[in-house]
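Student: Hi! Could you walk me through the sheet in this one?

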Amino acid sequence: YQLTKAETLGEVSRTNTFFADPQAHGVVISTADYKNSGYDRGHMAPAADMKWSSQAMKESFYLSNICPQNHNLNAGDWRELEERVRLYAQWYDEVFVVCGPIVSENPQTIGRNEIVVPESFFKVLLKKSDIGYDAIGFVFKNQAGNKSLSSYAVSVDSAEKLSGIDFFGFLPDTMEETTEANYSLNTWSLQ
């Protein structure tokens with residue numbers, strides 16, 4: 001999704017009502033699947049990024065946007081990155097964000113509907129620069145920890161290998177290769 005400076009200034013209240021995505025097919029996941037699981041209902045695209053629209057806020061609580069997430073991670077380092085992304089949108093006028101789970105070959109599951117517990121989570125960011133684009137990736141193990149955001153930083157290429165997703169394929173090939181292979185902690189104010 002694209003997060004703009006104007007969107008970070010929205011004032012729509014958080015709903016806190018989780019429900020099934022009406023467009024999702026297959027098994028209908030429910031919040032009961034999380035009960036006594038030991039995992040939080042962790043947002044991939046955070047509700048706080050959706051304060052610009054009542055509909056976007058509501059849809060951020062679709063269970064298709066939620067994964068079983070270690071509480072310490074969800075309330076700690078993952079949340080810290082979510083807050084940092086909003087700052088980036090304010091500093092740079094807009095940032096493009098792609099985030100989601102990384103699932104192991106034989107994952108743990110929770111609940112009656114056997115929701116897969118991700119091994120890790122990724123978040124990759126792209127912003128315009130004076131000479132093209134700057135990008136950075138982050139990979140978090142789904143476990144407790146309290147480290148600096150820079151310790152989770154990786155190239156977008158690395159996040160692509162782990163997730164199996166081509167994130168910024170819309171960029172011209174030469175620009176995509178350079179942008180995704182490199183990142184600067186200084187550019188993202190992480191030093």
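Tutor: Happy to; we'll take the strands, then the helices lying across them.

Tutor: One thing up front: this is a predicted model.

Student: Okay, in what order do the five strands of the open sheet come?

Tutor: The order is β1-β4-β7-β8-β9, with antiparallel pairing.

Student: And which strands stand at the edges?

Tutor: β1 (2-4) and β9 (153-154) do. Each has a single partner strand, so one side of each lacks a neighbour in the sheet.

Student: How many bridges hold β1 and β4 together?

Tutor: Three, in the antiparallel sense, with β4 covering residues 94-102. As an example, L3 has V95 in β4 as its bridge partner.

Student: What about the other edge, how many bridges pair β8 and β9?

Tutor: Two, again antiparallel. There, G137 stands opposite V154 of β9.

Student: Moving inward, how do β7 and β8 connect?

Tutor: Through a hairpin of two residues. The two strands run antiparallel and are joined by 10 bridges; one pairing puts L125 with I136 in β8.

Student: Is β8 largely enclosed or left open?

Tutor: Largely enclosed by the rest of the structure, because seven of its 10 residues are buried.

Student: Switching to helices: which strands does α4 lie across?

Tutor: Helix α4 (residues 77-92) lies across β1, β4, β7 (120-129) and β8 (132-141), and runs at about 10 degrees to β7.

Student: And α5, which strands does that helix cross?

Tutor: Helix α5, residues 156-163, lies across β4, β7, β8 and β9. Its angle to β8 is about 45 degrees.

Conventions: Residues numbered from 1 in each chain as written. Predicted model: local features only at pLDDT ≥ 70, side-chain atom pairs only at ≥ 80, totals over all residues. Heavy atoms only, no water. Pairing = 2+ DSSP bridges. Helix = DSSP H or I, 4+ residues; strand = E, 2+ residues; numbered from the N terminus. Contact = heavy atoms within 4.5 Å. Axes fitted to C-alpha atoms, helices over the stretch in contact; angles between N-to-C directions. Buried < 20%, exposed > 50% of the residue type's maximum accessible area, 1.4 Å probe, protein only.
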